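Let's take a walk through this structure together, starting from a single residue and working outward. Keep the view open beside you as you read.

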Amino acid sequence: MEQSLTQPLGAAASGPAIAHDNNATPTSKIWQVIKASSVGTVIEWYDFYIFGSLATIIATQFFPKTNPLAALLSTLAAFAVGFVVRPFGAVVFGRIGDMVGRKYTFLLTLLLMGGSTFAIGLVPNYATIGVAAPIIIFLLRVVQGLALGGEYGGATTYVAEHAPDNRRGYYTSFIQTTATVGLFISVAVIVGTKLIVGAPAFAEWGWRIPFLLSSVLLVASYIIRRKLNESPLFQKAKDEGTVSTSPLRDSFVEPVNRRLVLLALFGATMGQGVIWYTGQFYAYFYLQTVLKLEQIPASIILCVALLAATPFFVYFGSLSDRIGRKRIIMTGMLCGVLFTIPIFYGLTQFAGPAVEKTPATVDAAGAVVPAVMVANNYQMFPMIVLVFCLVLFVTMVYGPIAAYLVELFPTKVRYTSLSVPYHIGNGIFGGLVPLISTSMVAYAAAQPSGFLKEHSIYFGLVYPVVIAAICFLYGTAKMKDVRNVKLMADQPTPVA
């Protein structure tokens, strides 16, 4: 790319940004910004989640088949590493975004995410190249995690810096729908591909198709984003010479800003992260691995619940413009604490007992292939309702949080300061939910007897519930319920 990194892409077309007032941005312009930002972010979430949605198949492709549980846990660990490195991506790309520009940065993250996802679809399996296969997959997941660490902060900041102060919760909530929409599309593409090529072919080679399709989505999204101009508030700061020369120092060493970063993490994003991944991803994983629903009925349950609940991201984002961010986020957090375990208990009751579909066998290499168990007496409608309730809690904690984080930090370090606590809360605390919860379930099930063994399938839920409870207590005590602050000021300040 020939353009200098010190000049944001499109900056020349951004006009006299110093005179910009985000409260005077035309509505048509805001929707253009939301469309371009959302399309790219949806695709990045799609890329990120097809790996998790295909965890059981990837376990057989890239890890030894002699120990299915170890292979699955290894796959979940590879899935989790993408989350663990997200805060590092937030640091790297947040710094670029606060020094070079919002637009350039989320163009770069889009290309990294799309390229690594496409590459996963080309990696030979374990039977072909041995231990090199899981190593390559691991490294590509690291690249995905780094890219996603820079994407969310860029898209959220870019939209928020165009939106009027009194409707910021409403407009940024559309970015909040992208993770759910990306998960929905990933599940729909996987199920559709499986129905087209058939289950045997899908397990052998068809699983690669969803990864390879990302290249088409990547090109389309890049073209849309390439036409955007730089964020006017960032350009204004750059024109006035107030851009931070050291966003990391200003974000984490300066005492006032460091305190805000810690407040964002322990008062909001940590609990929001575990509720998000428990209510959407772990619920999907639980339906298939614990309750033994086959992929298609489990996908129908999740996708219908997601479709029904997604509008509530926008509803709660808009509501936060009127009544404040804190009370909505804390209410969703409390609901997650109180009702997560009862809802999973209800899912178990409506799933019915699993029965043997195919008996255990021994393959040509002498390895035991366990029996395939399926739930064939499940009640789909009440299970959809229960998963909808889980996702509803997600919309309450997630819908207003973008506006809350944007309003917490000044323009010169906004990208870095909001990205790091968001991706620690979501990437580490939230992203590790499947791995930690599955490991806790395996530990409880391995006990010789007692209460823990009898209720082992619920033991993994203790982790997200405890984290959400800690965050609820801290956030209730420390968060201020401000809204609609003036972003034009160097330090955001509440408005009447």
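**A buried serine and its surroundings**

Serine 299 has a relative accessible area of 3%, so it counts as buried. Before going further, please keep in mind that this is a predicted model. The residue belongs to helix H14. If we set aside its neighbours within four places in sequence, serine 299 is in contact with Val187, Val191 and Tyr284. You can also look from serine 299 towards glutamine 288: the two are 11 residues apart in sequence, and their C-alpha atoms are 9.2 Å apart in space.

Now step back to see the whole. The protein chain holds 23 helices and 4 strands. Of its 496 residues, 57% count as buried. How do the contacts spread along the sequence? Among contacts between residues at least 6 apart in sequence, 84% join residues at least 24 apart.

Let's return to helix H14 and see what packs against it. Two packed helices are described by the angle between their axes and the distance between the axes. For H14 (residues 295-309) and H17 (residues 380-398), the angle is about 45° and the axes are 8 Å apart. An angle of this kind makes H14 and H17 oblique to each other. The crossing of H14 past H17 is right-handed. On the H14 side, the contact is made by Pro297, Ile300, Ile301, Leu302, Val304, Ala305, Leu306, Ala308 and Ala309. H17 contributes Met380, Met383, Ile384, Val387, Phe388, Val391, Leu392 and Thr395 to this contact. By class, the residues of the contact of H14 with H17 are 16 nonpolar, 1 polar and no charged.

Moving back along the chain from H14, we come to the loop between H13 and H14, where lysine 292 is found. Most residues other than glycine have a negative phi. Lysine 292 is not a glycine, yet it has a positive phi of about 65°. Is this lysine buried, partly exposed or exposed? Its relative accessibility is 29%, so lysine 292 counts as partly exposed.

On the other side of that loop is helix H13 (residues 255-289), which packs with helix H18 (residues 401-408) at an angle of about 175°, their axes 11 Å apart. That angle is over 145 degrees, which makes H13 roughly antiparallel to H18. Here the contact is made by Leu260, Leu263, Ala264, Ala268, Thr269 and Gln272 of H13, together with Ile401, Tyr404, Leu405 and Leu408 of H18. The residues of the contact of H13 with H18 divide into 8 nonpolar and 2 polar, with no charged ones.

The interior is a good place to go next. Which residues touch the most other members of the largest nonpolar core? Among the 116 residues of that core, Tyr49 and Tyr398 do. H13 gives the most to this core, with 18 residues. Take tyrosine 49 and leave aside its neighbours within four places in sequence: this residue is in contact with Phe79, Phe83, Ala179, Leu183, Ser186, Trp276, Tyr277 and Phe281.

A further helix pair is worth a look. Helix H7 (residues 132-160) and helix H19 (residues 414-430) pack at about 125°, with 9 Å between their axes. H7 and H19 are therefore oblique to each other, and H7 passes H19 in a right-handed crossing. From H7, the contact takes in Leu148, Gly149, Gly150, Tyr152, Gly153, Gly154 and Thr157. From H19 come Arg414, Tyr415, Leu418, Ser419, Tyr422 and His423. The residues of the contact of H7 with H19 divide into 5 nonpolar, 7 polar and 1 charged.

Two last stops remain. Valine 91 sits in helix H4 (residues 86-99). At 25% relative accessibility, valine 91 counts as partly exposed. Although valine 91 and serine 417 are 326 residues apart in sequence, their C-alpha atoms are 8.7 Å apart in space. Serine 116, in turn, is placed in helix H5 (residues 102-120). With a relative accessibility of 4%, serine 116 counts as buried. Beyond its neighbours within four places in sequence, serine 116 is in contact with Leu140, Val143 and Gln144.

Definitions and conventions:
Residues numbered from 1 in each chain as written. Predicted model: local features only at pLDDT ≥ 70, side-chain atom pairs only at ≥ 80, totals over all residues. Heavy atoms only, no water. Axes fitted to C-alpha atoms, helices over the stretch in contact; angles between N-to-C directions. Helix = DSSP H or I, 4+ residues; strand = E, 2+ residues; numbered from the N terminus. Parallel < 35°, antiparallel > 145°, perpendicular 65-115°, else oblique. Contact = heavy atoms within 4.5 Å. Nonpolar A, V, L, I, M, F, W, Y, C, P; charged D, E, K, R; others polar. Left-handed = near helix turned anticlockwise from the far one by under 90°. Buried < 20%, exposed > 50% of the residue type's maximum accessible area, 1.4 Å probe, protein only. Core = buried A, V, L, I, M, F, W, Y, C linked by side-chain atoms within 4.5 Å.
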